[in-house]
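Dear colleague,

I am passing on to you the structure we spoke about, together with some notes on how its strands are arranged. Please look through the sequence and the structure first, and then read on.

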Amino acid sequence: MKSKNIVSVILVLLCLLVWSMRPLCISYGLNNESTSERIIDLFTQKKPYSGHGLNQPSDAFAPQEEVILYANVTYRGAPIANKLVAFQVNGPPNPLQNITIYDQGETNATGIAQASFRIPWPETNPRTIVFGTWKAVANVDIAEEIVQDTLTFQVGWIVEIISAITVDEDLQPQTRFMQESFVRVILTMKNIAKTPKNVMLVVVVFDSLRYIIDSAIIDDLKVEPGEMLVYCSAYISEWAACGNATLHACAYTSLGPAYCPEVSRAFRITLFGDLNGDGVVDISDMGEAARAFGSYPGHPRWNPYADINHDGIVDISDISLIARNFGRTCK
Ligand SMILES: [Ca+2]
Ligand SMILES: [Ca+2]
């Protein structure tokens with residue numbers, strides 16, 4: 001009696017084991033079969049990075065740009081015509097307004113359904129609401145099974161000037177520049193697309209009277225995907241008004257429109273010979289030059305402001321240049 005019980009327990013366990021394995025095998029088999037046989041592929045018009053293939057991202061879109069979504073529906077490799085495809089697009093999650101767009105399309109003879117919309121640009125806080133990662137999903141029912149594909153894409157300024165800082169000859173931040181010297185600028189630029197973009201970069205410098213002192217133009221700048229630094233400089237002539245100056249950096253497409261809002265940066269223009277930047281060329285500037293007399297870059301008494309003629313040494317010619325403007329004040 002006891003051995004009979006043990007045998008039946010073993011039999012039950014064996015049955016359970018077989019039962020637990022079978023559905024697993026079957027369900028795996030079904031999944032493999034269905035995913036390879038029933039396919040929907042969602043992509044956009046952004047060649048060559050349109051998002052072909054399952055769950056692949058598309059290239060980026062700019063504000064108010066049209067997005068065309070295509071869904072290619074196939075069963076066992078053949079296109080399915082006249083199929084209804086549901087599209088759902090979600091903007092980036094944010095605390096102000098979460099955008100959801102629904103649309104649908106019917107597949108044509110080549111199995112492709114299409115939907116399109118324009119990236120919205122609300123009147124208030126558009127960047128918070130629109131910029132970021134968008135997600136699109138296409139759903140279709142193929143032979144009683146729902147299949148879908150997802151696609152993500154970035155929305156933002158395709159090329160953006162993130163920052164502009166004014167620097168000295170050694171590329172160290174500096175915000176005070178003397179007349180008859182160069183103001184140097186380091187721009188950080190960003191390209192969110194997956195291909196390089198050609199940009200016309202323009203940096204314009206205004207003095208305190210809003211006169212244009214100088215401008216630097218790079219006609220055909222190639223901005224690679226990601227971030228890059230761009231160096232440029234503008235000359236501050238002797239007639240530039242001393243006081244608060246600004247520079248404006250703008251990036252334009254080859255066709256003319258701007259890629260992004262301009263970036264501006266304030267700095268100060270000092271009188272030629274005003275070493276300490278107090279708005280007067282007087283004995284204290286002479287004193288500063290005297291203290292740096294004989295010095296050169298790397299020397300403990302080196303003062304780049306005292307090297308007025310930019311020849312790498314503070315000497316009598318710099319002193320005489322300060323003397324030339326002695327007594328002048330910045331008003
Ligand atoms: Ca001074
Ligand atoms: Ca010098």
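**Strand pairing in the model**

Phe 206 has Ile 212, a residue of β13, as its bridge partner. Please keep in mind throughout that this is a predicted model. The pair belongs to a longer arrangement, since strand β12, covering residues 197–206, and strand β13, covering residues 212–223, are joined in the antiparallel sense by nine bridges. Between these two strands of the hairpin lie five residues, and Arg 210 there adopts a positive phi near 70 degrees.

Phe 206 also stands opposite Thr 246 in β15, and β12 pairs with strand β15, which spans residues 243–252, through seven bridges in the antiparallel sense.

There is also a sheet made of other strands to describe. Three strands, in the order β9-β11-β14, make up an open sheet whose pairing is antiparallel. Because β9 (159–167) and β14 (226–236) each have a single partner strand and stand at the edges, one side of each remains without a neighbour in the sheet. From one strand to the next, the twist averages 25 degrees.

Within this sheet, β9 is connected to strand β11, residues 181–191, by eight bridges, and the two run antiparallel. As for individual residues, Ile 165 has Ile 186 in β11 as its bridge partner.

With best regards

Methods
Residues are numbered from 1 along each chain as its sequence is written. Chains are lettered from A and ligands numbered from 1 in the order in which they are written. This is a predicted model: local features need pLDDT of at least 70, side-chain atom pairs count only at pLDDT 80 or more; totals for chains, interfaces and linings use all residues. Two strands pair if DSSP finds at least two bridges between them. Helices (H or I, at least four residues) and strands (E, at least two) are DSSP runs, numbered from the N terminus. Axes are lines fitted to C-alpha atoms, for helices over the stretch in contact, and angles run from 0 to 180 degrees between N-to-C directions.
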